[in-house]
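Student: I would like to learn how to read a protein model feature by feature. Could we take them in turn, with the general idea before the case at hand?

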Amino acid sequence: REWSYPEWGLFHTCACVCVCVFPQVHVKMADEAVCVGPAPTSKSYLNMDAIMDAIRQTGAQAVHPGYGFLSENKEFARRLAAEGVTFIGPDTHAIQAMGDKIESKLIAKAARVNTIPGFDGVVKDAEEAVKIARELGYPVMIKASAGGGGKGMRIAWSDDETREGFRFSSQEAASSFGDDRLLIEKYIDNPRHIEIQVLADKHGNALWLNERECSIQRRNQKVVEEAPSTFLDPATRRAMGEQAVSLAKAVQYSSAGTVEFLVDSKKNFYFLEMNTRLQVEHPITECITGLDLVQQMIRIAKGYKLQHKQEDIPINGWAIESRVYAEDPYKSFGLPSIGRLSQYEEPVRLSGVRVDSGIQEGSDISIYYDPMISKLVAYGASRADALKKMEAALDNYVIRGVTHNIPLLREIIVHPRFVAGDISTNFLPEVYPDGFKGHPLSAGDRRELLAAAAALHIAAQLRSQRFLGEQRSVGHWELCLELEKSVHMLAVSHSRGTYTVEVDGEKVEVSGEWNLASALLPLSINGSHKVLQCLTRSPAGDISLQYLGTTFKVRVLSVLAASLSKHMPEKLPEDTSSILRSPMPGTVVGVAVKPGDTVAVGQEICVIEAMKMQNSMTAAKTAKVKSVHCKTGETVGEGDLLVELE
Amino acid sequence: MATYTLVRSSRFLAGTVATAVIGSRLLHNSRWYSISHLSVQDRIEEKRRAALVGGGQKRIDAQHKRGKLTARERIDLLMDPESFVEYDMFVEHRCADFGMEADHNKYPGDSVVTGQGRINGRLAYVFSQDFTVFGGSLSGAHAQKICKIMDQAMMVGAPVIGLNDSGGARIQEGVESLAGYADIFLRNVMASGVVPQISLIMGPCAGGAVYSPALTDFTFMVKDTSYLFITGPDVVKSVTNEDVTQEELGGARTHTAVSGVAHRAFENDVDALLNLRNFFNFLPLSNKDPAPVTECHDPSDRLVPGLDTLVPFESTKAYDMLDIIHGIVDERDFFEIMPNYAKNIVVGFARMNGRTVGIVGNQPKVASGCLDINSSVKGARFVRFCDAFNIPIITFVDVPGFLPGTAQEYGGIIRHGAKLLFAFAEATVPKITVITRKAYGGAYDVMSSKHLRGDVNYAWPSAEVAVMGAKGAVQIIFRGKENQAEAEAEYVETFANPFPAAVRGFVDDIIQPSTTRKRICRDLEVLASKKQTNPWKKHANIPL
């Protein structure tokens, strides 16, 4: 309640919480916490009445809305203003002007900001959408007027896709933003997504804090961001910055904001939208400029003038952010997963690494919120340095209990195209046309992985023979390892903490300070430092190891056990073409078929909503529907049977 | 009972080559060396060779084709390399009827391989029935071999592991075979509580034969290739007219999920034997042996922050007791016993600071964690095993009470529930109890309470020790009165917290959940020297 910046110590913070995951990290960090309702966001974090009550109850003088939820809600800003509470963000007028994609485009045009050709009005229905799309020429982008964050957004390449996209986008827009208005514009194929951070005070001053490159996306949601961009030259940067500032000034913007641009291969840039809030990826701008954006927002809200001039804004070093999500990267680059974080350790001890998260060991990742686990930021003197730190940070990040996207993140940051800066928003589908398959093992990788698995197996064997008061000496083993369906015979010897493993005729030495209980395995493999993680280790020799981000399954058996295994009956996996299982946990929002119906390949069978995303489940073959196991409104888990075909 | 055919196979495969290698075997006995002895040596080698191939290559191939290993392959995999010492390789059956006396119907070692060896360096006795010899059927000689190793195992104090793969009684031998079973049963009973006994069912096990595994401490099965039943599908059909497959009647799924006869099932022979080696590490060798302590890398004072947020705010909401168990034990390594049967109680072995412990926990995720007939019996048997073999028991309590209803009452929940009560009360091993949430009614008493000689009893801040839930209690106390909601709130305020139990000393402390591992490890160190004895008795009379 003490509102006396810059004395941070006197700052009294109050967090709003919902009852679902009490007590969370932000509750622990806050001085005071108020519960605003149950887990579904519409009843808690989007429930303005409850939040206004909390504000009155605590006597808060100012509210920082964070990102998402009510951060760009003009009604919320208006109600705060009506009660004399400061909204730490721009004023209602700017939120309204920029929050509406149609209006914002008109304002941008007037402020001489480059814009994308498109239809500057609300699209009434699917047929009108098709008409406009034809006029603009395919491909087109259909998006929610009130939207952001990739939700309610679809790309269409044909009339049919336009109709389908229109339907999906309006449903998603309605459920996410309570506003189903859509607009259509020309879709710029293969662009980069580069955004400019701006900062403006209430005295007409505005700055641009350089750019953030956010081209690595899946389903229009950012995955890896960096600042600065490898692509911009100083002139383009300045041109973009100046247009961003002129837009901010045109709407009398105050506080921190972001102007998003699409940049084509010829460095032409087009205004996309302005986000009138703090962005998820703001830490990378903080890293390279040295400015604390939240602090700046509070200063501005209090009415102070900007402390900096444009020439004071530096680009110091390089920062990269990876969005660590609870999702399965092997399914369309990431479908949400849920679960309880049974083990969780952030790599915060590494230098140059920052982790912004709201969860801790024991937290539940539920279907009610965005599946983001954390923002992992690596900062270095150069891009190469930052990338090295990011690699280490990803390797040292322990997340157990939920499926996460570290395998994908770890692959992106070492991919030659990414390292070279040759990226676009189509990076993922271009680089992985058949979907992400994990790290492809080279012969050298394979040797390292096998050696590590063998060392782990022998360490466990040796320990299981060391009962209190019993010691025995064995020093040499022959093992048979199976990895990705290929079989390798290994000879292992052990002396004074070093395992010497002979793999395919080459010697690999594994040593290091590690034990069988720790989540991380910091190994020295032939002298080079590698951090692996052992996820599971079964008595029957199945070991799963996280190596270079990807989890590999290795089966380690004695030569005897391996030779006897050939007699074991093969267990057949189930036929998956005639059954449809939920690829993720979520809610069934629509079932389009009933038993006896005939469906064609690709025909929609049902729609599952998870984390506010609608996912259409389609038939894998043409067949008759045998049985339907789900109904609208039902909650389903990952792998639950939805529909059986004949 | 299955039968077998008396088909002769070429078993003296390599009989004539034996002379070439006998020399080395005779070195130490050179003064006995003579021409007449050579033929004996020949015969020794010949018999050994014959014993090693059991029923012959054709039957070995058939065994492999069924996805099963041979008796000797199983022992090789179970025991440490070159540690197995075989007994009674020369024993042959003594049946003289139905042409059984013929040479070609005699197999050295008969239909079982017996001996002792090491599992991770620790002594174990093992018998492995050989399906390739008369379908593994039990002759008098077969039984005698098993009895011999069981007697010795009890004498020296080492576990007995049975690898069962037998068609049943040797019908040609009649009562001699039956007598053999009884001899084994008697020894199973005598050894019970003296040395751990483990049965691994790796093929058919039918008729009287099933009672030997039933008498042992743990029965494991191999999925798809093992069956346990009193009578097979054919007899079932003729008696009750039920159509049932072998798998449905007595397969691994049936016994691990429905009947509770088996404690766990494994994927195949190799998986089962490797898992058995791992399981063996948890067990003491005998009732005179303390719970084994292995090298531990997991810090005993490790905090488990996730536990502070695990128990949900609303007492009606479920959570997974396994999350607590995995978080607290060494390296999240928990060997669950009967994971698919009576899932409202979780039992199994783990280690705390390297020392084997038995874990019992109500499972709020299944039937709210209530105690019913099956879960009481499951828990009781596990607690008694731990008590018999010096394994400390850690109990996690979140129990809303015994399950009400006619099905339970008619089934004898009173008698069966009493078993768990009995088991906890008579146990003299270290007993540590943690009340994580509900401890209602008689079930509170049962679950290793202070009153049943719990050594250390903790409550988490979320603990509620009460006679029943608030709603039910208020309906009785304030029957017919208004303001039920108010009274309910008062009841919750009074009892839905750990204080009523703590002020009376019924729990020793209220602890932060994240410190539970640390506290238990420390208590186990203290309690390692615990000595407690029950009054002299011939044996107690547990309500069976």
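Student: How many positive and negative charges does chain A have, and how far apart are their mean positions?

Tutor: This is a predicted model, and every value below is computed from it. For charge, one compares the mean position of each set. In chain A, the 71 positive and 81 negative charges have mean positions 1 Å apart. For chain B, the centres of 58 positive and 60 negative side chains are separated by 4 Å.

Student: How many helices and strands does chain A have, and how many does chain B have?

Tutor: Chain A contains 16 helices and 38 strands. The radius of gyration of chain A is 27 Å, close to the 26 Å from the globule rule for 646 residues, so chain A is as compact as a globular protein of that length. Chain B contains 20 helices and 17 strands.

Student: What box do the C-alpha atoms of each chain fill?

Tutor: Box dimensions are read along the principal axes. For chain A they are roughly 80 × 65 × 55 Å. The C-alpha trace of chain B spans about 100 × 55 × 45 Å.

Student: How should I read burial and surface, and what share of each chain is buried?

Tutor: A residue is called buried when its relative accessible area is under 20%. By that cut-off, 55% of the 646 residues of chain A are buried. In chain B, with 544 residues, the share is 56%. The surface can also be split by atom type. Chain A has an accessible surface of about 26,400 Å², and 51% of that belongs to carbon and sulfur atoms. About 23,100 Å² is exposed by chain B, with 56% supplied by carbon and sulfur atoms.

Student: What share of contacts joins residues at least 24 apart in each chain?

Tutor: The base set is contacts between residues at least 6 apart in sequence. In chain A, 62% of that set join residues at least 24 apart. In chain B, residues 24 or more positions apart account for 74% of the contacts with a separation of 6 or more.

Student: Take a single helix. Is α9 of chain A mostly covered or mostly open?

Tutor: One counts buried residues along the helix. Helix α9, residues 282–289 of chain A, is mostly covered, with eight of its eight residues buried. They are His282(A), Pro283(A), Ile284(A), Thr285(A), Glu286(A), Cys287(A), Ile288(A) and Thr289(A). Just after the helix, Gly290(A) has a positive phi of about 80 degrees.

Student: What does the UniProt record mark in chain B?

Tutor: An unreviewed UniProt entry annotates residues 299–538 of chain B as "domain: CoA carboxyltransferase C-terminal". Over those residues the chain is 36% helix and 19% strand, and the end C-alpha atoms are 43 Å apart.

Student: Now a single residue. Where is Ile337(B), and is it buried or exposed?

Tutor: Ile337(B) belongs to strand β10, residues 335–337 of chain B. Its relative accessible area is 2%, so Ile337(B) counts as buried. To see what surrounds such a residue, set aside its neighbours within four places in sequence. The remaining contacts of Ile337(B) include Phe218(B), His263(B), Phe279(B), Val347(B) and Phe382(B). Sequence separation and distance in space can be read together: Ile337(B) and Gly379(B) are 42 residues apart in sequence, with their C-alpha atoms 10.0 Å apart.

Student: Which backbone angles deserve a check?

Tutor: Most residues other than glycine have a negative phi, and most peptide bonds are trans. One looks for departures from that pattern.

Student: Which residues in chain A are joined by a cis peptide bond?

Tutor: One cis bond joins Tyr138(A) and Pro139(A), with omega about 0 degrees. Pro139(A) is in the loop between α6 (126–136) and β6 (140–144). Another joins Ala227(A) and Pro228(A), with omega about -5 degrees. The loop holding Pro228(A) runs between β11 (221–227) and α8 (234–250).

Student: What phi do Glu82(B) and Arg332(B) take, and where are they?

Tutor: Glu82(B), not a glycine, has a positive phi of about 60 degrees. It is in the loop between α4 (71–78) and β1 (85–87) of chain B, and at 85% relative accessibility Glu82(B) is exposed. Arg332(B) also has a positive phi, near 55 degrees. Arg332(B) lies in the loop between α12 (321–328) and β10 of chain B. Its relative accessibility is 30%, so Arg332(B) counts as partly exposed.

Terms used:
Residues numbered from 1 in each chain as written. Chains lettered and ligands numbered in written order. Predicted model: local features only at pLDDT ≥ 70, side-chain atom pairs only at ≥ 80, totals over all residues. Heavy atoms only, no water. Helix = DSSP H or I, 4+ residues; strand = E, 2+ residues; numbered from the N terminus. Rg over C-alpha atoms; globule rule 2.2 N^0.38 Å. Buried < 20%, exposed > 50% of the residue type's maximum accessible area, 1.4 Å probe, protein only. Contact = heavy atoms within 4.5 Å. Areas by Shrake-Rupley, 256 points an atom, 1.4 Å probe, with all protein chains shown as cover. Lys, Arg positive; Asp, Glu negative; His and termini not counted. Charge placed at Lys NZ, Arg CZ, Asp CG, Glu CD. UniProt positions renumbered as here; feature names shortened; annotations may be inferred.
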